[in-house]
Amino acid sequence: MYWNKKIETLKSGDLERLQTKRLKWSLNQALNIEFYRNLFREAGVSPDDIATLDDVTKLPFTHKADLRGGYPFGFCAVPMREVVRIHTTSGTTGKPTVVCYTRQDLGNWSELIARNMVMAGIGEDDIFQNSVNYGLFTGGLGFHYGAEEIGMTVIPSATGNTKRQIEMIEDFGVTVIHCTPSYALYLAEAAEEMGASLDTLKTGLFGAEPWSENMRRELESRLGVRAFDSYGLSEMYGPGVAFECPEHDGLHIWHDSYLVEIIDPKTGERLECGERGELVITPLVKEAMPIIRYRTGDITMLMEDGCACGRGQKIARITGRTDDMMVIRGINVFPSQIEHALLSLPGVGEQFMVYIDRIRHLDEMMIVVEIDRDVFSGELQDLARLQSEVAGAIRDALGIRTSVKLAEPGTLPRFEGKARRVVDRRGDL
Amino acid sequence: MEDAYIIKQISVFSENRPGRLAAIAGALKDGDVNIFAFSIAEADGFGVVRALVDAPEKAHRILTDQGFRVSYTEVIGVKMRDEPGGLYEIATVLGDAGINIEYAYAYSGRDAAVLILRVDHVRDAIKEILSRGGDLLEASAFT
């Protein structure tokens with residue numbers, strides 16, 4: 001089953017012609033952005049120098065830090081009256097990355113989500129529970145509009161209240177669920193405790209954090225679903241960039257909308273098919289934010305062409321990051337963001353540790369703060385206030401709930417070199 | 001003159017896990033510091049150990065040297081009649097005067113029951129108690 005068979009199965013010659021045409025359009029669209037006018041001038045290139053797809057290597061990369069530097073609208077290529085929606089991702093030093101969408105962008109995005117869901121065998125007869133965060137996070141609205149585009153019944157259940165989520169699955173006869181894989185396991189466990197069998201569920205769409213083949217087996221057996229891996233990033237609209245087909249062997253990335261390169265993250269050199277490296281994407285149809293050669297930081301490889309489903313070349317499932325970004329409850333977090341939030345708090349000082357654990361399938365963050373001499377007034381309530389201030393600072397900065405433990409002096413590890421104050425103790429998902 | 005009745009309590013931050021009280025008490029024992037009264041207040045994962053000792057400065061130094069976070073807190077000690085109504089009398093005096101009790105603990109001394117009080121306005125409390133005929137312990141009684 002296809003949503004858009006012609007485009008999804010476009011063969012190499014036709015695809016390259018389409019990509020080249022769209023690449024040129026994207027580069028010209030990027031010229032509306034001062035950052036790119038300057039970048040191209042400094043690099044001595046212009047969109048006119050790009051005649052073939054391989055010429056893209058003449059262009060410089062765009063990094064996440066560049067986007068942050070453009071806060072708020074430095075990477076918006078259209079007038080604000082053409083922007084119909086804004087999403088943001090949390091920033092490493094307080095300022096988020098802003099992603100703008102034109103009406104056409106939202107249409108393009110919904111189309112990609114629709115392709116993915118139809119590829120997974122989902123259609124208008126399905127009842128779809130979208131159990132991810134709505135709001136600024138792209139996963140909620142992205143899937144919501146794509147699912148409505150197909151015409152299925154959409155339940156915007158968002159996150160939280162697991163008992164109610166389970167009741168809805170049972171009472172509404174939900175057939176498809178979208179959530180993070182860790183929440184799915186938590187849901188399965190809660191359903192088992194409630195004695196809910198979730199018989200109607202047949203398909204699970206799992207994304208926003210990396211997950212393993214072991215996790216797939218567990219999800220499929222406990223929820224009674226076929227599990228599909230979903231990949232995306234806000235800078236490229238959100239989820240929907242790449243998705244598994246029923247072969248469950250790699251993800252189809254939509255080549256008509258994204259020009260894909262795999263590079264050696266150290267040298268920036270292009271890697272061959274089958275070699276693992278950093279995924280670099282140049283969007284081909286993005287109007288409001290046409291970024292060029294974006295370094296995603298995600299590690300994958302291009303797979304051999306020729307999937308049985310007839311669609312284009314796949315990328316392998318993401319196996320890691322080139323940087324120290326972590327995914328906590330589906331939220332992308334850099335250790336520096338956590339440190340920044342804590343160092344700015346009077347009463348915390350340099351002596352703290354942050355531990356990320358997985359408890360009952362859910363990510364839990366614990367912050368241990370050593371009590372400083374200046375902080376201890378002798379009063380219990382002052383310490384309790386410090387605890388809630390620390391939790392509040394993390395919640396405000398990252399939107400993550402955390403527990404805060406106060407420790408006696410000298411109990412935390414001391415660092416001679418670069419301090420490693422954020423420790424991820426979760427195993428592989 | 002109220003100052004004579006202000007007693008220096010030591011307050012020690014402690015994680016809530018086995019052996020911490022023993023570590024504090026052991027340090028005071030090794031320093032030959034006597035404890036008259038003490039209490040533990042607990043919160044989420046930690047506590048504050050409060051103690052009246054015969055040598056607050058020495059106790060502070062010993063515990064700080066051992067890595068504890070210690071601070072002084074001003075409290076008062078009120079002698080209570082060791083019979084029904086003893087606590088009521090004192091609580092009424094402070095309540096009537098609009099003085100709030102943050103926390104309290106008690107011990108039974110040689111000649112009376114003693115109520116240790118941490119209040120929001122310590123000098124006002126001393127004045128009120130003395131003017132209503134109450135009996136306060138002087139700080140020097142502990143040293």
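**Stop 1: H252(A)**

Select H252(A) and G312(A) in this predicted model. A polar atom of the H252(A) side chain lies 2.9 Å from the backbone oxygen of G312(A). Is H252(A) buried or exposed? Its relative accessibility is 1%, and buried means under 20%, so H252(A) counts as buried. Now show the residues around H252(A), leaving aside neighbours within four places in sequence: its contacts include M119(A), V241(A), F243(A), C307(A), C309(A) and R311(A), as well as G312(A). Colour residues 251-253 too, because they are strand 9 of chain A, where H252(A) lies.

**Stop 2: the sheet of eight strands**

Follow strand 9 outwards into its sheet. Eight strands of chain A form an open sheet in the order 4-3-5-6-7-8-9-13, with mixed pairing. Which strands are at the edges? They are strand 4 (153-155) and strand 13 (314-315) of chain A, each pairing on one side only.

Next, select residues 203-207 and 226-233, which are strand 6 and strand 7 of chain A; they pair in the parallel sense over five bridges. To see one bridge, pick L205(A): its partner in strand 7 of chain A is F228(A).

Now add helix 7 (residues 162-172) of chain A, which packs on the sheet and touches strand 3 (127-130), strand 4 and strand 5 (176-179) of chain A. The direction of helix 7 makes about 175 degrees with that of strand 3 of chain A. Helix 9 (residues 213-223) of chain A packs on the sheet as well, touching strand 6, strand 7 and strand 8 (238-244) of chain A. Its direction makes about 130 degrees with that of strand 7 of chain A.

**Stop 3: strand 2**

Select residues 97-102, strand 2 of chain A: six of its six residues are buried. Turn on the side chains. In a regular strand they alternate between the two faces of the sheet. Here T97(A), V99(A) and Y101(A) point one way, while V98(A), C100(A) and T102(A) point the other. Add strand 1 (residues 83-89) of chain A, which pairs with strand 2 of chain A in the antiparallel sense over six bridges. One of the pairs to look for is T88(A) with its bridge partner V98(A).

**Stop 4: helices 5 and 6**

Select residues 103-119 and 138-150, helix 5 and helix 6 of chain A. Their axes are 8 Å apart and the packing angle is about 70 degrees, so the two helices are roughly perpendicular to each other. Where they meet, you can find W109(A), I113(A) and M117(A) among the helix 5 residues, and F143(A), Y145(A) and I150(A) among those of helix 6.

**Stop 5: the sheet of four strands**

This open sheet of chain A has the order 19-18-17-20 and mixed pairing. Strand 19 (402-407) and strand 20 (422-424) of chain A stand at the edges with a single partner strand each, so one side of each has no neighbour in the sheet. From one strand to the next, the twist averages 20 degrees. Look inside the sheet at strand 17 (residues 352-359) and strand 18 (residues 362-370) of chain A, antiparallel partners over eight bridges; M353(A) has V368(A) as its bridge partner.

**Stop 6: helices 10 and 11**

Finally, add helix 10 of chain A, which lies across strand 17, strand 18 and strand 20 of chain A. The axes of helix 10 (residues 335-343) and helix 11 (residues 380-398) of chain A come within 9 Å and cross at roughly 135 degrees, so these helices are oblique to each other. The crossing is right-handed. Residues that meet there include I338(A) and L342(A) from helix 10, and V390(A) and I394(A) from helix 11 of chain A.

Definitions and conventions. Residues numbered from 1 in each chain as written. Chains lettered and ligands numbered in written order. Predicted model: local features only at pLDDT ≥ 70, side-chain atom pairs only at ≥ 80, totals over all residues. Heavy atoms only, no water. Buried < 20%, exposed > 50% of the residue type's maximum accessible area, 1.4 Å probe, protein only. Pairing = 2+ DSSP bridges. Polar contact = N/O pair within 3.5 Å; in protein donor to acceptor, adjacent residues only side chain to side chain. Contact = heavy atoms within 4.5 Å. Axes fitted to C-alpha atoms, helices over the stretch in contact; angles between N-to-C directions. Parallel < 35°, antiparallel > 145°, perpendicular 65-115°, else oblique. Left-handed = near helix turned anticlockwise from the far one by under 90°.
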